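Biologist: I am just starting to read protein models, and I would like to learn by looking closely at one part. Could you pick out how the helices pack and walk me through it slowly?

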Amino acid sequence: MSDSELLSCQFHPQAAAGWFCPACNANLCPSCAVLESVASTDLSSCGQCGAAVEELKVHRSRTPFLRRLLETWMYPLKPSGLLALLGVGAVVALARGVFHITPSLPKLAVLVVWLGCFWGSLFWIVRSTAMGAEHFTAPDFTSVMHDLVDPAIRGLLATALLWVPAILFIVFSLGGAEGLGPLFLLLLIATLLYAPLALLFAATGESKLSLLNPFKVIGVGMSLGQPYLMVAAFLVPLAGLYVLLTVVATWISSWPLPLVAPVLGEAISLYVPFVVARMLGLLLYVHGDRVGYGVDSEFYEAALPGVKPRGKKRAARGASREPHAPPSPLESEVMRAVEANALDQALELYRRLPERLPPLNAASHLAVGQRAATVGDYHVAVRALKQVGQHSPEDPLAPRACVILARLYGERLGDTESAQKLYRHVVSRYPGTDAARFAQSKLTPA
Ligand SMILES: [Zn+2]
Ligand SMILES: [Zn+2]
């Protein structure tokens, strides 16, 4: 795990590297890394030496934050976002309609549904975006208290301080005070800087009291730094758009279409709040580690996301071999050493063998692979165990070799994805074996 810099390929300085080969100590571009099919599982390897490669990771902040922010306008307009706009819009429109015709006491319950649904959906967008969701996903509803009352209170508290400039303005202008202009402008800017943070706090479940503690809120803002200022700056044009859309929404609501018109109106006026919530979520998704949100390692992503190795394996030293060619003297020596259980000697001899070695039997590859894993030579271990999966998938030793290979990937090379693929392969290909039972116990729900 490195920093936010892209590394370049050892062999192609112009190309960005996506993998690291520990055996060659080299960063590799997609042409220098290869995909090898072992036990129906694609494993990334080094094109030079065949060792298992590690995926290079970079911090999420490598993607310019501005670009992420500029993409947020699309978020509510994707199919899932439109559905959410209409769904939340319908509840809010209904609550608003009922609110006006309800007698005083039940009014409170309707208000809670109204505000709870509004704030709850915005907070959900912030949290799910912070966890990396690309689209609006339906939130789980657990209880009225948790999903309606709590968000309603948080929303009110978070926005409570935002009314200060407005109230001051009214009070002062009623008193006819002079020189209010600059002060009011300062307050307005302060509010603009404060508002996104207060909402961020409200969304991520900080205690309700800290929502009203400007020092705590501002401290977090300082830690987030420039990206936070970018979000705050976006609020200015978004506020303008919000006013515009509210005018449109009011006009649409007045259409003589019962149910449809009010829902459409509410949905339109929810567009800007959805975009703002998405921006706040991105702030945490990319820079949350600055304020202790989430685990540090979560803030790194593949250096070349979505790119697969496409290199060709370098022709093996000594050229390709006939699968049924007789073993070379060195290979015979390895097999004899394995049979005599002289595993260290076998490993030593194995290290001197060329890359491709079908004539060795599965037992020798497995024994050497296990020994190499025990002494920490993961390069040779992976190379030997792969041979069993590639050349002797029918051998009774194959499931065992696959499981050991999977453990190497998962526990030693930090590649849980490849490990899981190998475990799944063992479970489906070799049912009923000890290896399959072990692999089953290692599978995590997809
Ligand atoms: Zn290598
Ligand atoms: Zn390269």
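Modeller: Happily; what follows is a walk from the whole chain to its helix contacts, with two loop residues along the way.

Please keep in mind that this is a predicted model. The chain holds 17 helices and seven strands. Along its principal axes, the C-alpha trace spans about 105 × 45 × 40 Å. A compact globule of 446 residues would have a radius of gyration near 22 Å, whereas this chain has 31 Å. Of its 446 residues, 37% count as buried. Now think about who touches whom: among contacts with a separation of 6 or more, 65% join residues that are 24 or more positions apart.

Let us turn to pairs of helices. Two packed helices are described by the angle between their axes and the distance between the axes. Try that on helix 3 (residues 104–130) and helix 4 (residues 144–160), whose axes lie 7 Å apart and meet at an angle of about 80 degrees. Angles of 65 to 115 degrees count as roughly perpendicular, so helix 3 is roughly perpendicular to helix 4. On the helix 3 side, the contact is made by Val112, Val113, Leu115, Gly116, Cys117, Trp119, Gly120 and Phe123. Helix 4 brings Asp147, Leu148, Val149, Pro151, Ala152, Arg154, Gly155 and Leu156. Sorted by class, this contact of helix 3 with helix 4 has 11 nonpolar, three polar and two charged residues. If you wonder about the spacing of such lists, an α-helix has 3.6 residues a turn, so residues three or four places apart point the same way.

Follow the chain onward to Leu162, which sits in the loop between helix 4 and helix 5 (164–175). Leu162 counts as partly exposed because it has 14 C-beta neighbours inside 10 Å. Setting aside its neighbours within four places in sequence, Leu162 is in contact with Thr191 and Ala195. Thr191 is 29 residues from Leu162 along the chain, and their C-alpha atoms are separated by 6.0 Å.

A second loop residue is worth a visit. Leu257 is found in the loop between helix 8 and helix 9. With 12 C-beta neighbours inside 10 Å, Leu257 counts as exposed. The C-alpha atoms of Leu257 and Val243 are separated by 23 Å, and these residues are 14 apart along the chain.

After that loop comes helix 9 (residues 260–269), which is mostly covered, with seven of its 10 residues buried. Those buried residues are Pro262, Val263, Leu264, Gly265, Glu266, Ala267 and Ser269. They pack against helix 2 (79–101) and helix 8 (226–253).

Finally, compare your first pair with helix 15 (residues 398–412) and helix 17 (residues 434–442). Their axes come within 8 Å and cross at roughly 25 degrees. Angles under 35 degrees count as roughly parallel, so helix 15 is roughly parallel to helix 17. The crossing of helix 15 past helix 17 is left-handed. Helix 15 contributes Pro399, Arg400, Cys402, Val403 and Ala406, which meet Ala435, Ala436, Phe438 and Ala439 in helix 17. By class, the contact of helix 15 with helix 17 has eight nonpolar residues, no polar ones and one charged residue.

Technical notes. Residues are numbered from 1 along each chain as its sequence is written. Chains are lettered from A and ligands numbered from 1 in the order in which they are written. This is a predicted model: local features need pLDDT of at least 70, side-chain atom pairs count only at pLDDT 80 or more; totals for chains, interfaces and linings use all residues. A residue is buried if 20 or more other C-beta atoms lie within 10 Å of its own, exposed if 12 or fewer, and partly exposed in between; C-beta atoms are placed from the backbone. Helices (H or I, at least four residues) and strands (E, at least two) are DSSP runs, numbered from the N terminus. Two residues are in contact if their C-beta atoms, placed from the backbone, lie within 7 Å. Axes are lines fitted to C-alpha atoms, for helices over the stretch in contact, and angles run from 0 to 180 degrees between N-to-C directions. Angles under 35 degrees count as roughly parallel, over 145 as roughly antiparallel, 65 to 115 as roughly perpendicular and the rest as oblique. A crossing is left-handed if the near helix is turned anticlockwise from the far one by less than a right angle, and right-handed if clockwise. Ala, Val, Leu, Ile, Met, Phe, Trp, Tyr, Cys and Pro count as nonpolar, Asp, Glu, Lys and Arg as charged, and the others, Gly among them, as polar. The radius of gyration is taken over C-alpha atoms; the globule rule is 2.2 Å times the number of residues to the power 0.38.
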